[in-house]
Amino acid sequence: MTVIQSRPAATIPPVLTARRRRLRPVDLAQRVIGYALIVLLALFCLVPFAWVVFSSVDADAGATVQLPAFSFENFVRFFTASGTPLLLVNSLVIAISSTALNLALGIAGGYALSRFSFPGRRFFMFSILLIRVIPAPATIVALYLIMVNLGLANTLHGLIIVQAVSGLPVTLWLMKGTIDAVPIELEEAAWTDGNTRLQAARRIVLPLIGPGLGAAAMLMFMGSWGDFLTPLVLLQNQDLYPLAIGLFRAFSERNLVDWGLLAASAVVYVLPPAVLYMLVRKNLLKSSLGGALKG
């Protein structure tokens, strides 16, 4: 006789229901206050940007945030006015030239610090980083006197040199760390194939330091683009002023402020660094991750 054995019923795990603890009045008040502070902080940060954006496309822009009467007249006036396009051109020339000079010096110096050993190298590296810690207003008068004695005051190329050199400590550290991550064996193989040190650096090292190079370019361009004190002190000719000083003069030296044109100028002032950030943001991420992994 066949015995049919019944299968045991599947064990059903008990359903664990998490009971949410009821908030006490004190906890509820703390949570409400925290959210209120976050909202106020967000409004404090976003309202200035909202004013700039709305006023730039408002034909009747004022000093308060309001719904705009959409018009691109302010941007048209910015690019057709007598002095504002020159301010933008000066800013681009200064920022791009100082960034290019800074990167050229930084790559050469970073390669030397990475590949060559010499007495005092560590002391030198920390010394140039200490220079960056000193606030700019503490040395601006001495810097101005030096530029006057060299005949470079009130010139764009003098300002470009100053800004490129002022950002050099950070670029040297970035380039030195980035080149350290490139194995020296790759260069040695290139030397074996008959390449000189310069050729090996150009063909092997330079293509591999893109992330660090992008990060250094972004930092230098932002520093040069946003610099206000140095051009204010070194430049006296209004035809050489960058857009940062133009915005300041438009707001401070006129009894009647053209709010629409001022807001349009601010939007144009923001665009170049924003575009550069979109182009190099992947390099910034790779550079930061590479530095974290290496450390």
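**A guided reading of the predicted model**

Leu-152 is found in the loop that joins α5 and α6. The model that contains this residue is a predicted one. Setting aside residues up to four places away in sequence, Leu-152 is in contact with Met-147, His-157, Gly-158 and Ile-161. Leu-152 can also be placed relative to Leu-235, which is 83 residues away along the chain. The C-alpha atoms of Leu-152 and Leu-235 are separated by 9.9 Å.

From this loop the reader may turn to the largest pocket, whose volume is about 790 Å³. Its lining consists of 30 residues, and those closest to the pocket centre are Arg-132, Val-162, Val-165, Ser-166 and Gly-167. Which helices supply at least two residues each to this lining? They are α4 (121–133), α5 (140–149), α6 (156–166), α7 (168–180), α10 (210–225) and α11 (229–234). In the lining of the largest pocket, 19 residues are nonpolar, nine are polar and two are charged.

Two of the helices that contribute to the pocket lining, α4 and α7, also pack against each other. Their axes come within 8 Å and cross at roughly 140°. Angles over 145 degrees would count as roughly antiparallel, and those from 65 to 115 as roughly perpendicular; α4 and α7 are therefore oblique to each other. On the α4 side, the contact involves Met-125, Phe-126, Ile-128, Leu-129 and Arg-132. These residues meet Pro-169, Val-170, Leu-172, Trp-173 and Lys-176 in α7. Eight residues of the contact of α4 with α7 are nonpolar and two are charged, with no polar residue present. Arg-132, one of the α4 residues in this contact, is also among the residues closest to the centre of the largest pocket.

A second helix pair is formed by α8 (residues 184–192) and α9 (residues 197–208). These helices pack at an angle of about 140°, with their axes 9 Å apart. That angle makes α8 oblique to α9. The crossing in which α8 passes α9 is right-handed. Helix α8 brings Leu-186, Glu-187, Ala-190 and Trp-191 to the contact, while α9 brings Arg-197, Ala-200, Ala-201, Ile-204, Val-205 and Leu-208. The residues of the contact of α8 with α9 comprise eight nonpolar, no polar and two charged.

The last feature is an internal space. How many cavities of 30 Å³ or more does a search of the whole structure find? The search finds one, and the largest cavity holds about 60 Å³ of space. Ser-91, Ile-94, Leu-159, Gln-163, Ser-224, Trp-225, Asp-227, Pro-231, Pro-242, Leu-243, Ala-244 and Tyr-269 line the largest cavity. Two or more of these lining residues come from each of α3 (84–115), α6, α10 and α12 (243–252). By class, the lining of the largest cavity has eight nonpolar residues, three polar and one charged. Helices α6 and α10, which contribute to this cavity lining, also each supply at least two residues of the lining of the largest pocket.

Methods. Residues numbered from 1 in each chain as written. Predicted model: local features only at pLDDT ≥ 70, side-chain atom pairs only at ≥ 80, totals over all residues. Heavy atoms only, no water. 1 Å grid on protein atoms, 1.4 Å probe; cavity = no way out; pocket = protein on both sides within 12 Å on 5 of 7 lines; lining within 4 Å. Points joined across faces, edges and corners; volume = space filled by probe spheres on them. Helix = DSSP H or I, 4+ residues; strand = E, 2+ residues; numbered from the N terminus. Nonpolar A, V, L, I, M, F, W, Y, C, P; charged D, E, K, R; others polar. Axes fitted to C-alpha atoms, helices over the stretch in contact; angles between N-to-C directions. Parallel < 35°, antiparallel > 145°, perpendicular 65-115°, else oblique. Left-handed = near helix turned anticlockwise from the far one by under 90°. Contact = heavy atoms within 4.5 Å.
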